[in-house]
Amino acid sequence: SCPVFVCSILCSQGALICALSGKNYRKKGNFPDLRSLMESVMAPPILSLALPSETGRVLSIQSHTVQGYVGNKSAVFPLQLLGYDVDPINSVQFSNHTGKLLTLLHSNRYPTFKGQVLNGQQLWELIEGLEANDLLYYTHLLTGILDLVLYFFFLFNYFLASVLIGLFAGYIGSVSFLNVVLEVVNKLRSINPKLTYVCDPVMGDEGKLYVPSELVSVYREKVVPVASMLTPNQFEAEQLTGFRIMSETDGREACNLLHAAGPSKVVITSISIDDSLLLIGSHQKEKGQHPEQFKIVIPKIPAYFTGTGDLTTALLLGWSNKYPDNLDKAAELAVSSLQALLQRTVDDYLSAGYDPKSSSLEIRLIQSQDNIRNPKVKLKAERYN
């Protein structure tokens, strides 16, 4: 309705862009159109892409809590300390860890929680936004969709836990969300075929599933074949292989079965055998070759912690990328960091006058950053013949 006013605005914009671009367009007939002017002003580069870190750029899809350290809160900071650029996508965002709601056998520190759950469509929209801005080049993808939840509650009341599974199905894992995660894997590998996908197949522990049973087959049939590294616990390894782990030999065989299904690196992060706690790792460097396998005997700490599985997988990603041909060394560093952090956590609770055996504990992540950057290796890997 006012062409003179519009023209004035466009001319002002053009003059401003000319000034910003440092170019002289004063000569008659040499004044460009607005599009040319806009293109002449370069946007600042994304430095994580233009000057990537030597370690890599990680997309981490995990849960998030405002208070406490689980999921991305437990994984992102350690990876950054180890030199990685990390972009987190929060599968849920809760005020606090939901496990505290369920510690009915212990102190009820958090009687409730609030927050939101990300669905598959919303996850894909975030991926589309990154793609539209040429931001989808990643060296690593890290997923651990389920936050550690319901552990003690399963031991206390399986029926009520089943009811809560229905209520929190979107949070603790759904087939549709996991299928979108698989689409994300394919999309990232179409951009970087060398993408390393590290998967913590969070499904359960101590003989109990945390997720709907149909999710197990999705992990087994679709996720495991595309993973580069898999970090199940003993129960999850049994679910994925259909093979009962009763001994060290069984643990090694479970690793072989998982190699045959896809991943070249497998770390069963915790195996309880005859009152001993073991980590068993396996690296198949070439398909068809016998894998290099090892174990680490881990001292038991008489307490239960939240966020340790997420932290362990992040540390394994971080150190295995630094030592790509020495998974045993990477595991030594990861386990040593973790054990030092857990001992600090217990000591700090004791200093505060609290019995660490009475409830699940929030890990002391920030206070343990030196143990993450420069762990003192006290637990050595033993290679199998």
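The following paragraphs lead from the whole chain to one residue and then to one cavity.

This is a predicted model. The average pLDDT of the chain is 83, and 78% of the residues reach a score of at least 70. Two stretches fall below 50 in pLDDT: one covers residues 3–12, and another covers residues 14–29. Beyond near neighbours in sequence, the stretch 3–12 has 1 contact in the model, whereas the stretch 14–29 has 21 contacts, counted in that way.

The chain contains 15 helices and 14 strands. It has 385 residues, of which 50% count as buried. Its accessible surface amounts to about 18,500 Å², and carbon and sulfur atoms account for 54% of that area. The contacts also show how the chain is connected along its sequence. When contacts between residues at least 6 apart in sequence are considered, 70% of them join residues at least 24 apart.

A single residue, Ile301, illustrates such connections. Ile301 lies in the loop between β11, which spans residues 292–298, and β12, which spans residues 304–306. Is Ile301 buried or exposed? Its relative accessibility is 17%, and the cut-off for buried is under 20%, so Ile301 counts as buried. Which residues does Ile301 touch, once its neighbours within four places in sequence are left aside? The contacts are with Gln339, Leu342, Gln343 and Val346. One of these partners, Gln343, is 42 residues away from Ile301 in sequence, yet the C-alpha atoms of the two residues are 7.7 Å apart in space.

The partners of Ile301 named above fall within the range of α14, which runs from residue 327 to residue 351. The helix α14 and the strand β11 appear again in the account of the cavities.

Rolling a probe the size of a water molecule over the atoms shows where empty space is left. In this model there are 3 cavities of 30 Å³ or more. The second largest cavity has a volume of about 50 Å³. Its lining consists of His283, Lys285, Glu292, Phe294, Asp325, Asn326, Leu327, Asp328 and Arg383. Which elements give two or more residues to this lining? They are β11 and α14. By character, the residues that line the second largest cavity divide into 5 charged, 2 polar and 2 nonpolar. Phe294 and Leu327 are the nonpolar members of this lining, while His283 and Asn326 are the polar ones.

Methods: Residues numbered from 1 in each chain as written. Predicted model: local features only at pLDDT ≥ 70, side-chain atom pairs only at ≥ 80, totals over all residues. Heavy atoms only, no water. pLDDT = per-residue confidence, 0-100. Contact = heavy atoms within 4.5 Å. Helix = DSSP H or I, 4+ residues; strand = E, 2+ residues; numbered from the N terminus. Buried < 20%, exposed > 50% of the residue type's maximum accessible area, 1.4 Å probe, protein only. Areas by Shrake-Rupley, 256 points an atom, 1.4 Å probe, with all protein chains shown as cover. 1 Å grid on protein atoms, 1.4 Å probe; cavity = no way out; pocket = protein on both sides within 12 Å on 5 of 7 lines; lining within 4 Å. Points joined across faces, edges and corners; volume = space filled by probe spheres on them.
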